[in-house]
Amino acid sequence: MRVLICEDSMLLREGLVRLLAHSGHEVVADLPDTSGLMDFLAQADEDAFPQIAILDVRLPPTYTDEGIRAALEVRRNYPQLPLLVLSQYVEERYASELISMQSGSLGYLLKDRVADVTEFIASLEQIASGGTVLDQEVVAQLLTRRNHDDRMQRLTDRERSVLTALAEGKSNQAIAALLFLSEASVEKYITSIFQKLGLEADGTGNRRVLAALAHIETLGTPRTDRTKP
């Protein structure tokens, strides 16, 4: 698998290069910032074009949103290039922007997940092969923020658990094992979730994850108690 890395921390960048090489993957570019990113993609021939790009959210020169803006630009220009975004903390708005685009394979992980080498490599390979992997903290915040919306309230506790696992990129089989359910039951829960959220399942796991979370992001803002004391 050919990998492009855009990460300003030299230690993390070099660590990723060695980790990927040790796992049998090829790093075709390791960039400290986004200045040469689009030029590299435009000029790379077929044998050097990455099969997945890993980008840090915050990069030089301002360390605010350079990385995520670059990720969005890559998604617009190369919609089929799988992306893995790494972040120190949950950047909810940034995750929402990428999710709402609903195109291409996507991963959004906190940097401390890299410490679990086996899980990180598995996540990277899952994204590169067309899957979706979202950090459980990102999923939790997206769901919690919309908990008070009428449509989210229609979901049972079990359906919320299934939706969370689904959004993390787990297969029906993995969800069944995690929640001690049969695969047939998982399918029924997913059908119910999509019906309650007003979504149509299209048969592709990646799209249903992105569609579900994108829909959650479009729900109305939570109601607040405006009664003055």
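The protein's secondary structure amounts to 11 helices and 6 strands. The model is a predicted one. Of its 229 residues, 47% count as buried. Among contacts between residues at least 6 apart in sequence, 68% join residues at least 24 apart.

Helix H3 is a convenient place to start. The helix runs over residues 66-77, which makes 12 residues. From its first C-alpha to its last it reaches 16 Å, close to the 16 Å expected at 1.5 Å a residue. Its buried residues are Glu66, Gly67, Ile68, Ala70, Ala71, Leu72, Val74 and Arg75. The list therefore includes the charged residues Glu66 and Arg75 along with nonpolar ones such as Ile68 and Leu72. Two helices are among the partners of these buried residues, H2 (37-43) and H4 (92-101). Three strands also pack against them: E3 (52-56), E4 (83-87) and E5 (106-110).

The loop between E3 and H3 holds several backbone features. Pro60 is found in this loop, and Pro61 lies there as well. The peptide bond that leads from Pro60 to Pro61 is cis, with omega near 5 degrees. Tyr63 belongs to the loop between E3 and H3 too, and has a positive phi of about 55 degrees although it is not a glycine. As background, most residues other than glycine have a negative phi, and most peptide bonds are trans.

Is Pro60 buried or exposed? Its relative accessibility is 19%, so Pro60 counts as buried, the cut-off being under 20%. Leaving aside neighbours within four places in sequence, Pro60 is in contact with Asp8, Pro32, Asp33 and Glu66. Glu66 is one of the buried residues of H3. Pro60 and Thr34 are 26 residues apart in sequence, yet their C-alpha atoms are 8.0 Å apart in space. Tyr63, with a relative accessible area of 43%, is partly exposed.

A positive phi also appears at Phe180, a residue other than glycine, where the value is near 60 degrees. Phe180 lies in the loop between helix H9 (172-179) and H10. With 75% relative accessibility, Phe180 counts as exposed, because the value is over 50%.

Helix H10 (residues 183-196) contains Thr191. The relative accessible area of Thr191 is 44%, so the residue is partly exposed, falling between the limits of 20% and 50%. Thr191 and Glu159 are separated by 32 residues in sequence and by 9.9 Å in space, taken from C-alpha to C-alpha.

How many aromatic pairs does a search of the whole structure find? The search finds 1 aromatic pair. Phe49 and Tyr78 form the pair, with 5.6 Å from centre to centre and 50 degrees between the planes. The pair counts as tilted because planes under 30 degrees apart would be stacked and those over 60 edge-to-face. The pair links distant parts of the chain, with Phe49 in the loop between H2 and E3 and Tyr78 in the loop between H3 and E4, 29 residues apart. Phe49 has a relative accessible area of 21% and is partly exposed. Tyr78, at 22% relative accessibility, likewise counts as partly exposed.

The remaining topic is the largest pocket. Rolling a probe the size of a water molecule over the atoms shows where empty space is left. In the largest pocket about 270 Å³ of space is found. The lining is made up of 14 residues, and those nearest the centre of the pocket are Glu119, Ser123, Val133, Glu168 and Lys170. Helix H5 (117-128) and strand E6 (132-134) each supply at least two residues of the lining. Which element gives the largest share of the lining? The largest share comes from H5, with 5 residues. By type, the lining residues of this pocket divide into 5 nonpolar, 4 polar and 5 charged.

Note on methods: Residues are numbered from 1 along each chain as its sequence is written. This is a predicted model: local features need pLDDT of at least 70, side-chain atom pairs count only at pLDDT 80 or more; totals for chains, interfaces and linings use all residues. Side-chain values use heavy atoms; hydrogens and water are left out. Helices (H or I, at least four residues) and strands (E, at least two) are DSSP runs, numbered from the N terminus. The expected span of a helix is 1.5 Å times one less than its number of residues. Buried means under 20% relative accessible area, exposed over 50%, partly exposed in between (1.4 Å probe, protein chains only). Contact means heavy atoms within 4.5 Å. On a 1 Å grid over the protein atoms alone, a cavity is a set of points where a 1.4 Å probe fits but cannot get out, and a pocket is an open set with protein on both sides within 12 Å along at least five of seven lines; lining residues have an atom within 4 Å of a point. Grid points are joined across faces, edges and corners, and a volume is the space filled by probe spheres set on the points. Rings of Phe, Tyr and Trp (its six-membered ring) pair if their centres lie within 6.5 Å; planes under 30 degrees apart count as stacked, over 60 as edge-to-face and the rest as tilted.
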